Every structure is written in structure tokens, then in C-alpha cells.
Amino acid sequence: MLRGPVTPRDAGSGLHQRIAAGLDAPVHQAVRDFAATLARDTGAVAALFYGSNLRTGELEGVLDFYLLMPGAERSRIWPRVSYHEWDYAGQTLRAKAATMALSTFAAAACGQRRDATIWARFVQPSALVWLADGETRDTVARAIAAAAETAARLSIALGPPCGTERDYWRALFQATYQAEFRVEKPGRENSILDMNAAHFDGLLPLALAAQGIPFTADGASITPQLAPQKRQQILRWWNVRRRLGKPLNLLRLVRATTTFDGAARYAAWKIERHTGVPVEITPWREKHPLLAAPGVLFNVWRNRA
């Protein structure tokens, strides 16, 4: 919790330092090596690692990466997702990689795009596991700090007049999950906050002060001093993104049926992991995963029966 008078410049520096330290979180060397391989193969300038494996440190399951590219965005519907397998000391590591331009990532983190995916995802923990150069490190760190500021602004517009940090973050994640085209278990926002308590502790006041939003703090309680017209402005900004959330998610799912590199192998691994039934990947299934799905699912059902 912040104590005493804090200027936006001081808090901005504090937020940046906090984010930079989080991006340097310890990560298994195998994760860094896998990210480096993927980044060099795609021509990325940075690779971010996130998700449950970052928290647990485990290599099982699917590792989640964002590969950030130089130049302008190459696709109107971003990111492009691909699945990869890599042998590490006799162990098969699996990864899902989302690829997009660093410039688009930074703009989306600032809330300048009509998509909530980036700032809602990267206000949560992530680690910078591969870099092309030192200048890129600062660009990525500033983008992640901007994601925290964007999320903090919306959290106080959605949350109570006075509450704990957790109250505001809970209001934020409830709203963003409801805006997405996927089903989450009730209370998903609580599990995020429970699993990442150290990450979120003290983050909200830093993110508010960094952008000059005044607040008072009394113990664990925070009272944002947000003018009514400013609150309405933030809520109007959010309503545009809330309405577009599900359509954008659906559009990405449809696009993924033809652009998800390695989709058949990813689906086969998931099916075998959850059902115990191995799925043969034929050249036709690799090329036409959507068309092959009904036959694969029928074979799985027959084998389990």
C-alpha cells in the first residue's frame, strides 16, 4: 500500500519497476530455450510466458507464449495461434503460441483497440523469457505497465465507491469474463486473485497513482476520487468493448479452424489426455482438422464404449 504523498511521476516509476521485476520472474531454463526456438523461427523480437505453468513452474501440460513481432500487424484478426512440440532431454514439451505485432500489443495494452484481451490478460502475471535486444525490454515493460493502468481504470469504474484492492479486481474480472465467448466456472475471478495474491497486492494504488487518478487509503480500504463524468467516460469506453467481446471471440474461433497451425496435433493430445484414447494423425486429418473432427469423436466414443 502506498504511504504519504505520491506524485504521478514517482508512482509511474514505481509501477514500471514493479512490472519490470515481475517480468524477470524465475522460469525453468527449458521454457526459455523453447521460447527462444519459437521466437527465432518466427522472427519475433520478444517472447512472453504466462498462464498456470508460470505460477506452478511445471513443464507438464501446454506452455503459453505470446510472440511479439517487429513492424506492423500482419493480420486484421490477431493474434495468430499455433501449437508446437519440442523434445527436451527426452521429454516432450508442448506449447501454444500467440503471435502478433509488438506495436499492436502495446496499443491494445493502452486500451486503444476495441479488444479487451491484452490488458485483461497481462494485468495478470507474465514473464519476459526471450528478447532480441535491450530496447525491446523497455517497450514490453511499458506495455505491461499500461495494461495494469487500463485495467485499474476500469476496475474503479465498475467497483464499489470504497473497497479493498480485491473488491476492485474482482469486479474487473467478473466483467471481462462475462464479455468473452467462453464458459468459466463461477468464481473464476476469485481463483485468479487467490493464485496470484502477491502479484496483485499493492498493484492497484500504483496503477492509479501512475496515471494521476486520486484516491485515499485507510488500512486495506481504497476510496477512488473519480469524477462522475470521468466514470461515465470510462464506462462508455468499456461498453463498446463489452459488446464486441463475444463477436470478436467467435470470429477468432472461426478463423482458427483454418489458421491454427498444428490444430490436429493439439486436439489429438487433448483428447488422449482427457479420455485415454489415442488419436492417429493422418495427413488428411492434419490438413482438415475441422472436417475430421466428427469421425475422430465418433471413434473416441466407440473406443470408450
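In the predicted model, ring pairs join F34, F49, F65, W86 and Y88 into a cluster. The count of aromatic pairs in the structure comes to 13. A pair of aromatic rings is described by the distance between the centres and the angle between the planes, and two pairs that share F34 are described here in these terms. For F34 and F65, the ring centres lie 6.0 Å apart and the planes stand at 75°, an angle over 60°, so the pair is classed as edge-to-face. This pair links distant parts of the chain, since F34 belongs to helix α2 (residues 29-42) and F65 to strand β2 (residues 62-69), with their positions 31 residues apart in sequence. F34 has a relative accessibility of 1% and therefore counts as buried, and F65, with a relative accessibility of 0%, counts as buried too.

The rings of F34 and W86 have their centres 5.2 Å apart and their planes at 25°, which is under 30°, so this pair is stacked. The pair again links distant parts of the chain, with F34 in helix α2 and W86 in strand β3 (residues 80-88), 52 residues apart. Whereas F34 is buried at 1% relative accessibility, W86 has a relative accessible area of 23% and is partly exposed, because this value is not under the 20% required of a buried residue.

Beyond strand β3, the backbone at A89 was also examined. A89 is placed in the loop between β3 and β4 (91-101), and its relative accessible area of 76% makes the residue exposed. The phi angle of A89 is near 50°, a positive value in a residue other than glycine. Most residues other than glycine have a negative phi.

A helix-helix contact is formed by α6 (residues 134-158) and α7 (residues 165-178), whose axes come within 8 Å and cross at roughly 95°. This angle falls in the range of 65 to 115 degrees, and α6 is therefore roughly perpendicular to α7. On the α6 side, the contact involves A148, A151, A152, L154, S155, I156 and L158, which meet Y168, W169, A171, L172 and A175 in α7. Sorted by class, the contact of α6 with α7 comprises 11 nonpolar residues and one polar residue, with no charged residues.

Within this contact, L154 was considered individually. L154 lies in helix α6 and is buried, with a relative accessible area of 0%. The C-alpha atoms of L154 and L172 are 6.7 Å apart in space, while the two residues are separated by 18 residues in sequence. When neighbours within four places in sequence are left aside, L154 is in contact with L172 and, in addition, with W119, I234, W237 and W238.

The cysteines were examined for cross-links, and the structure was found to hold zero disulfides. Two cysteines may be described by their accessibility: C110 counts as partly exposed at 35% relative accessibility, and C162 is likewise partly exposed, with a relative accessible area of 42%.

Definitions and conventions:
Residues are numbered from 1 along each chain as its sequence is written. This is a predicted model: local features need pLDDT of at least 70, side-chain atom pairs count only at pLDDT 80 or more; totals for chains, interfaces and linings use all residues. Side-chain values use heavy atoms; hydrogens and water are left out. Axes are lines fitted to C-alpha atoms, for helices over the stretch in contact, and angles run from 0 to 180 degrees between N-to-C directions. Helices (H or I, at least four residues) and strands (E, at least two) are DSSP runs, numbered from the N terminus. Angles under 35 degrees count as roughly parallel, over 145 as roughly antiparallel, 65 to 115 as roughly perpendicular and the rest as oblique. Contact means heavy atoms within 4.5 Å. Ala, Val, Leu, Ile, Met, Phe, Trp, Tyr, Cys and Pro count as nonpolar, Asp, Glu, Lys and Arg as charged, and the others, Gly among them, as polar. Rings of Phe, Tyr and Trp (its six-membered ring) pair if their centres lie within 6.5 Å; planes under 30 degrees apart count as stacked, over 60 as edge-to-face and the rest as tilted. Buried means under 20% relative accessible area, exposed over 50%, partly exposed in between (1.4 Å probe, protein chains only). A disulfide is a pair of cysteine sulfur atoms within 2.5 Å.
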